[in-house]
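This report goes through a structure of two chains, beginning with the interface and ending with single residues. The sequence and the coordinates come first.

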Amino acid sequence: MSTGELEARRRLPAAHAEPTVVISSPWRIGWRRFRRDRVAMASGIFLILLVLAIFPGAKLASVALGHGPDDLYPYAVGTYTLRPDGPWSWVPDTHQLSPQTSDTQIAGPVKGTPNTLFVLGADGPLGHDLFLRLLYGGRVSLEVGVGATIIALLLGVTLGVLAGWLGGLVDGAVSRLTELVMALPILLLLLMVGTGLGDGLSRFTFWGVFNDGVVQLMLLIGAFTWYYPARIARSQMLSLRNREFVEAARMVGARGTTIVRRHLFPHLLPSLVVYGTIMVATALMLEVGVTFLGAGIQLPTASWGTLLGQTWGSALNPTVNSPDNFQPWPTIAPSVAILLTVLALNQLGEGLREALDPAGVR
Amino acid sequence: MPPWAVFVLRRLLSSIVLLLLLTLITFLAFSRIPSQPASFLIDIRYATPADIAHANHVLGTDRPIYVQYGRFVWRLLHGDLGRTFRQARGGFTTPSSTGTPVAGEVLRAGAVTGAIAFGGAILLFLVSIPLGMLAASKPRSPVDRASAGLSMVGISTHPLVVALLLQLFLASKWHWLPQNGYCDFVPKTTSAQVYEPSAACSGPVGWAEHLVIPWIVFSLFFVALYSRMIRARMLEVLDEPYIRTARAKGASQRRVLFRHALPNTVLPVVTMLAMDIGTAVGICVYIEAVFRMPGLGFTTIQSMGGAGLDLPMLVGITLFTGTVIIVLNLLVDLLAVAVDPTISRSPRAGRRAFGLAPRTT
């Protein structure tokens, strides 16, 4: 009986009412359980707010504050120490230093220059707005995280399903391949391939949809993380393919592709949803790491990785370590953003896993 | 043949296959990239075709590719990884001069990474065993819940964030510890100090001072995972009949936990660390980058950046790391068979700490 028929029957007049049977799909049961999980709900709401803050919010904030994430404000840093201004400071709204009046003194801004607000202060000796860069950088980091996850899922599920369903030689080859990739330090390989590719793919932006380098990093991270979903898909296929309902489907003459698509794939979906959530967190962490180590997103594009990287020994930040220009905010702000986002994604994944577990309490 | 022998044989074979695959991949990377190998020996711009042919003959690059691969593996078996493109103290080698042997450089870098990982692992167990035991001795208590929550925060924290914040406050602001760099454990002669910054402050104290923050970062990354794993494992052990026997004989809770449960809990977890070596290498890359320590990770970054690609060095590091990982994994599996001959699968198969958390490095 299809769901359409069920719906129709439920809408029959009450005169010949049958005892009403409430059909709950696994997804609906999962949602009911998920709503009771306060931590997971909070994580979900946080992530929705984050996406709102990053996608429409970054543009709005930029318009409201009157400057962009890549604008330079030389007066947002200490004149001699290059110490970036702290949170909530009003900065002279000019992109140039005034002409020097003497050899020893750097002139202040021209009298009458209006001020502009830096909510979280400046990000480093260049004097960008840290708050705006955090929002725009979150966009790049999340894009990489989600994109890499989608690529890894597509690749991994295809290979895993093929291996689990066909078995034999295909299974052997895929299993050896996953073992090989798992045995290697992913980060070192990502670094080497990332540097080896150089600018090869980084100019490709899907006609302006993404920033420079985002697509390349998505592909790279996806290419090195596909084996987790592959292993899950393979083991699920192995445990399902000899079950009665598959036999029944075969008996009524269903083809292999139909069985996989119609009868087996829906079983995979819950674990893929759970796993996908956690993989976004993983890919985001990898973006930060690879970018920090110099093989990912390149400056001036803001990302959480470049923001972290700017605070450490880069050529742009030679004096960060002297005591009179100690300024922790450029490190703390992206750190907190990364921590909260990854934590929320992981908690959401845990919550989804418990909610969608068929053996769980209803 | 008994099942354990089949398992051992299969593990040995698959390790050898993995090692061969590793050498094949690195060899291909090595042989494909420079389009004109003769340029290593002579200046191509002024060379006659005969010179190039002679150079290729000397290098062995005129042979078929499988012969070259065979010679590559043969040299590897003798510990010869070639020479670096870069000379020891900056600058690239000219065709007439050669760099330092890669094998020595890789071993030196490996020692630095090893010092970080080994000290970090000791600190890790000093912290995670008490934490895991505390959580396991009172399951579902507030202490256990707090430790579960903290673990979630732990696995969600990027090692870079921990490293940068610790460096920022402990070293830059309060000057409790050195900011970056590495010191040799064994003091060197004064003449060496001129060339190597790591020799200038050598000695056990300087060595340990520079390693304190890296050890903390390393252990913090794994503490979350390991304290939960120790908790889970200990709860399993506490369910065993022999624990009930001990309790029936009147052993105190403390004695049950420390004398009876602890040994059976910790041994499998220690072997798990050897399995996490791939992740550990990744963590060490972050640590070395932040603290500028001349380990495998930082050397990799240096061999790629700036002046150009130092291919022999990269190949050497990849081969060395991959081999260490594969051999350690093999040893762990063999050890598991030696302890429990009924085992027929890798102990990794049954490993579920957080169940999900994939590798981030």
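## Interface between the chains

About 4,200 Å² is buried between chain B and chain A, and carbon and sulfur atoms give 76% of this area. The model is predicted, and this applies to every value below. In terms of contacts, 45 residues of chain B meet 42 residues of chain A. Zero salt bridges are counted between chain B and chain A. Polar contact between chain B and chain A comes to two residue pairs, both at pLDDT 80 or more.

On the chain B side, at least two residues each are supplied by helix 1 (3-32), helix 5 (142-156), helix 6 (159-173), helix 12 (277-291), helix 13 (296-304) and helix 14 (311-339). Helix 6 of chain B gives the largest share of the side that touches chain A, with nine residues. By residue class, the side of chain B that touches chain A holds 27 nonpolar, 14 polar and four charged residues.

## The two chains

The table sets out the make-up of each chain.

| Property | Chain A | Chain B |
|---|---|---|
| Helices and strands | twelve helices, two strands | 14 helices, zero strands |
| Buried residues | 49% of 362 residues | 47% of 361 residues |
| Share of contacts (residues at least 6 apart) that join residues at least 24 apart | 70% | 69% |

Read along the sequence, the elements of chain A follow the pattern α-α-α-β-β-α-α-α-α-α-α-α-α-α. From the N terminus on, chain B runs α-α-α-α-α-α-α-α-α-α-α-α-α-α.

## Nonpolar cores

The largest nonpolar core has 129 residues, of which A:Leu293, A:Trp304 and B:Tyr226 touch the most other members. Helix 9 (residues 204-238) of chain B contributes the largest share of this core, 17 residues. A second, separate core has 14 residues, including A:Leu153, A:Val157, A:Trp165 and A:Val260.

A:Trp304, in the largest core, has a list of contacts beyond its neighbours within four places in sequence. Among them are A:Ile54, A:Leu134, A:Leu284, A:Val288, A:Pro334, A:Ala337 and A:Ile338. The list also includes A:Gly137, A:Gly138, A:Ser141, A:Glu287 and A:Thr341.

A:Val260, in the second core, is found in helix 10 (residues 256-292) of chain A. A:Val260 counts as buried because its relative accessible area is 16%, under the 20% cut-off. Leaving aside neighbours within four places in sequence, A:Val260 is in contact with A:Val161, A:Trp165, A:Met237 and A:Phe265. One of these, A:Trp165, is also listed in the second core. The C-alpha atoms of A:Val260 and A:Leu120 are separated by 52 Å, with the two positions 140 residues apart along the chain.

## A backbone outlier

Which residue has a positive phi although it is not a glycine? This is B:Arg292, with a phi of about 50°. B:Arg292 lies in the loop between helix 12 and helix 13 of chain B. Helix 12 (277-291) and helix 13 (296-304) each supply at least two residues of the side of chain B that touches chain A. B:Arg292 counts as partly exposed because its relative accessibility is 36%, a value in between the limits of 20% and 50%.

Note on methods:
Residues numbered from 1 in each chain as written. Chains lettered and ligands numbered in written order. Predicted model: local features only at pLDDT ≥ 70, side-chain atom pairs only at ≥ 80, totals over all residues. Heavy atoms only, no water. Contact = heavy atoms within 4.5 Å. Buried area = accessible area lost by both parts, 1.4 Å probe. Salt bridge = Lys/Arg side-chain N within 4 Å of Asp/Glu carboxyl O. Polar contact = N/O pair within 3.5 Å; in protein donor to acceptor, adjacent residues only side chain to side chain. Helix = DSSP H or I, 4+ residues; strand = E, 2+ residues; numbered from the N terminus. Nonpolar A, V, L, I, M, F, W, Y, C, P; charged D, E, K, R; others polar. Buried < 20%, exposed > 50% of the residue type's maximum accessible area, 1.4 Å probe, protein only. Core = buried A, V, L, I, M, F, W, Y, C linked by side-chain atoms within 4.5 Å.
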